[in-house]
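User: I'm new to this structure and would like a close look at one part of it, the helices toward the start of the chain. Could you walk me through how they pack, and then show me how that part sits beside the rest?

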Amino acid sequence: MDFENGIIADVGSESGPTQYYDGYEKLKSWAQNSLDLYKPELLRVLYPVFIHCFMDLVAKRHIQEGRTFFNRFRGDHELMHSRDLQKLEGVLSPSHLEEMEFANTLRQSKVNVKMCQYSYDLMLQYLHKSESTTILGIINEHINFQVSPGQPCLISDDAEAVTLIGSSQDVANQINKKEIHWGLLEDSFEDRLEKGGGLLPDSDKTEGESKEGDMDENKKRSVESGKQGASLKKMKKEKAASATTKAVRPEANTIAAAPRVKPELTLPVMPTEVEQSILEDLRNRVQLSSVALPSVSFYTFINTHNGLNCSSISHDGSLVAGGFSDSSLKVWDMEKLGQPAANSVLQGEDDNSPSGHVLSANGGKKSYTLFQGHSGPVYSASFCPLGDFVLSSSADTTIRLWSTKLNANLVCYKGHNYPVWDVQFSPVGHYFASASHDRTARIWSMDRIQPLRLMAGHLSDVDCVQWHVNCNYIATGSSDKTVRLWDVQSGECVRIFIGHRSMILSLAMSPDGRYMASGDEDGSVMMWDLSSGRCVSPLMGHNSCVWSLAFSGEGSLLASGSADCTVRLWDVNTSTKVPKTEENKSGSSNRLRSLKTLVTKSSPVYALRVSDLDYYGSLRPNMNAFVAQHSPDQVNKKEQKGLVDGRISSVGCERMVDGPKNGPDN
């Protein structure tokens with residue numbers, strides 16, 4: 001909504017530096033002294049006015065005045081827009097405005113600001129009375145007001161309260177009209193159970209019996225549970241079978257109606273015994289809910305001296321990998337924690353190595369497998385669903401495939417030109433995706449050293465990547481504050497998700513394939529509907545980087561792990577059932593209900609994994625959370641990747657069930 005012609009009639013006059021100073025300062029003072037009810041909406045205008053005042057001063061060759069203006073008022077916006085300000089800090093001449101992609105995009109686009117009718121009327125009255133044609137011109141040229149009836153809402157209530165529009169938004173809107181097939185693969189394990197009559201009778205169904213999206217989690221967990229030995233597996237199955245009649249299913253299986261799609265990639269053949277194991281576990285799966293939360297285990301890496309860059313948990317929770325700044329990858333077998341180490345030296349270790357073994361609290365030796373081969377810090381690790389292989393990505397621009405059975409490096413994949421921030425196996429194994437500082441994501445297969453597909457389109461680093469459950473799409477999160485969804489067959493971008501205000505650090509797909517969760521550097525988590533490309537619900541609660549997200553196996557809960565030293569559990573069913581019209585009426589920021597907050601003592605949470613069966617064989621699902629002890633000020637993941645050093649000296653492991661009390665974290 002543009003202002004009336006009468007208001008902007010005198011905008012064309014030349015503006016001096018003083019007019020920018022005075023105009024912005026008066027607008028800031030007026031907004032901050034407005035009524036508390038309308039202040040949050042009126043304050044939204046300050047940031048776009050600030051950056052365009054600065055860029056206008058530079059464009060008019062008032063370089064020194066522009067720098068003084070920038071430094072004087074940047075503190076008003078440091079909390080919400082620190083990364084943008086770091087980029088604009090490099091603008092030192094008019095030519096930089098054209099050469100810098102970020103600044104050029106800002107100058108060519110408008111900012112969409114949402115506010116209620118009364119807030120808009122207040123803004124209009126102020127601009128009528130104001131004598132600052134400079135500020136009025138900036139607002140008219142660079143801000144579009146989206147006015148809505150009703151009461152004002154806080155900025156946290158709406159993920160799209162302040163968004164960039166114009167050419168970039170037009171492109172996103174056009175792309176988001178493309179058709180996508182978000183359903184599950186044909187002939188899924190759930191289908192086989194239903195067609196074969198393998199599902200338990202209604203009276204005996206467990207709470208989370210057969211949600212479609214669990215194909216991936218169950219496939220991974222069940223396959224890897226074979227690694228723990230037949231006796232442990234049998235114990236789990238027997239306990240599960242004896243407990244099925246005690247579980248009560250709280251609601252109908254809504255995911256069963258998810259559409260079926262054909263795979264676009266050639267899927268690997270799965271051994272018969274593995275398929276049988278998955279089907280057996282599906283029969284005994286329990287559905288989590290607000291009254292049936294998972295048990296929780298916290299494991300802590302101690303004394304890492306800022307050397308731990310990443311951690312990853314195998315799908316059954318039996319293995320954990322850590323990537324370090326000394327270029328090493330280390331893998332622990334969780335069953336062996338607390339047991340004396342074997343006499344033999346593990347691959348890549350020697351008796352003189354200070355990191356060859358780790359000591360427990362009681363002084364007993366624990367062995368880990370040390371994988372060496374990278375020539376730079378390791379930033380990501382990912383286990384295949386079967387647990388036989390683990391991938392690692394590094395600052396040396398390569399990805400390496402390691403065998404957890406042979407304890408050896410099998411392949412080194414080269415293709416990226418800069419550090420590789422993330423790598424993730426597909427839900428079926430064999431294929432994997434990578435994300436890099438070179439602004440691209442790539443699709444690979446284990447049997448080829450060159451990438452199969454290259455996805456380019458992000459305006460900055462691609463920081464994280466996640467597969468869709470049907471393996472036909474991957475999602476990428478970037479420092480450009482957007483998430484994109486890509487078709488793996490064509491390499492085409494089919495969705496752009498806009499709404500975050502900082503770099504994207506973590507992604508997770510719901511088991512039915514319909515929703516995606518994304519976490520950013522500021523602590524915000526957003527739930528997206530893949531079919532529409534819109535934000536279903538923002539999750540507000542964390543106050544620092546969200547490094548890990550994980551859905552429960554049947555999709556009813558979402559877990560988020562953060563640098564603020566907490567794990568939060570969210571009720572997914574509540575959010576996805578609220579109609580959009582009711583959301584707009586309520587204006588509530590708690591559209592996705594927080595069920596529980598688990599607090600570590602002082603350790604940020606690096607990785608989460610939800611297993612359908614807990615570590616001790618109980619039917620009740622378990623969530624494993626790995627946390628790392630390091631300096632409290634290391635909250636910026638991108639900065640940490642380039643600065644940390646050192647190596648792990650010890651690892652501690654304890655089990656904590658259902659709450660943060662008496663946890664092992666330090």
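**A close look at the helices**

Analyst: Of the contacts in the protein with a separation of 6 or more, 65% are between residues 24 or more positions apart. Keep in mind that this is a predicted model. The protein has 666 residues, and 60% of them count as buried. Its secondary structure comes to 17 helices and 35 strands.

Let's start with a pair of helices. Two packed helices are described by the angle between their axes and the distance between the axes. For α1 (17-32) and α3 (46-59), the axes come within 10 Å and cross at roughly 175°. That crossing makes α1 roughly antiparallel to α3. On the α1 side, the residues that meet α3 are Pro17, Tyr20, Tyr24, Leu27 and Lys28. Facing them from α3 are Leu46, Val49, Phe50, Cys53, Asp56 and Leu57. Sorted by type, the residues of this contact are nine nonpolar, no polar and two charged.

Next along is helix α4, which covers residues 63-73. Which of its residues are buried? They are Gly66, Arg67, Phe69, Phe70 and Phe73. An α-helix has 3.6 residues a turn, so residues three or four places apart point the same way. Looking down the axis of α4, you'd find its buried residues within an arc of 160°, so they line one face of the helix. And what covers them? The cover includes α1, α3 and α5, so the pair we began with turns up again here.

Helix α5 spans residues 78-88, and besides helping to cover α4 it has a contact with α7, residues 101-108. The axes of α5 and α7 come within 9 Å and cross at roughly 105°. This makes α5 roughly perpendicular to α7, whereas α1 is roughly antiparallel to α3. From α5, the residues in the contact are Asp84, Lys87 and Leu88. They meet Phe102, Ala103 and Leu106 of α7. By type, that contact divides into four nonpolar, no polar and two charged residues.

Between α5 and α6 (94-99) there is a loop, and leucine 92 is found in it. Is leucine 92 buried, exposed or in between? It counts as partly exposed, because its relative accessibility is 47%. Leaving aside residues up to four places away in sequence, leucine 92 touches Ile63 and Arg67. Arg67 is one of the buried residues of α4, so you can trace a link from this loop back to that helix. Leucine 92 and methionine 55 are 37 residues apart along the chain, and their C-alpha atoms are separated by 9.8 Å.

One more helix belongs in this picture: α9, residues 133-142. Eight of its ten residues are buried, so α9 is largely enclosed by the rest of the structure. Those buried residues are Thr134, Ile135, Leu136, Gly137, Ile138, Ile139, Asn140 and His142. They pack against α1, α3 and α7, along with β1 (110-116), α8 (117-129) and β2 (143-148).

Now for the rest of the chain. For "repeat: WD", an unreviewed UniProt entry lists residues 301-335, 371-403, 413-454, 455-496, 497-538 and 539-580. Take residues 371-403 as a sample: this stretch is 0% helix and 61% strand, and its end C-alpha atoms are 10 Å apart.

A couple of loops are worth a stop here too. The loop between β8 (319-324) and β9 (328-333) holds aspartate 326, and serine 327 is found in that loop as well. Aspartate 326 counts as partly exposed at 24% relative accessibility, while serine 327 is buried, with a relative accessible area of 15%. Serine 327 has a positive phi, near 80°, in a residue other than glycine. Aspartate 326 and glutamine 372 are 46 residues apart along the chain, and their C-alpha atoms are separated by 9.4 Å.

The other loop runs between β18 (431-436) and β19 (440-445), and arginine 439 lies there. Arginine 439 has a positive phi of about 70° although it isn't a glycine. At 38% relative accessibility, arginine 439 counts as partly exposed.

Note on methods: Residues are numbered from 1 along each chain as its sequence is written. This is a predicted model: local features need pLDDT of at least 70, side-chain atom pairs count only at pLDDT 80 or more; totals for chains, interfaces and linings use all residues. Side-chain values use heavy atoms; hydrogens and water are left out. Axes are lines fitted to C-alpha atoms, for helices over the stretch in contact, and angles run from 0 to 180 degrees between N-to-C directions. Helices (H or I, at least four residues) and strands (E, at least two) are DSSP runs, numbered from the N terminus. Angles under 35 degrees count as roughly parallel, over 145 as roughly antiparallel, 65 to 115 as roughly perpendicular and the rest as oblique. Contact means heavy atoms within 4.5 Å. Ala, Val, Leu, Ile, Met, Phe, Trp, Tyr, Cys and Pro count as nonpolar, Asp, Glu, Lys and Arg as charged, and the others, Gly among them, as polar. UniProt positions are given in the numbering used here, feature names are shortened, and annotations may be inferred rather than shown by experiment. Buried means under 20% relative accessible area, exposed over 50%, partly exposed in between (1.4 Å probe, protein chains only). The arc is that of the directions from the helix axis to the C-beta atoms.
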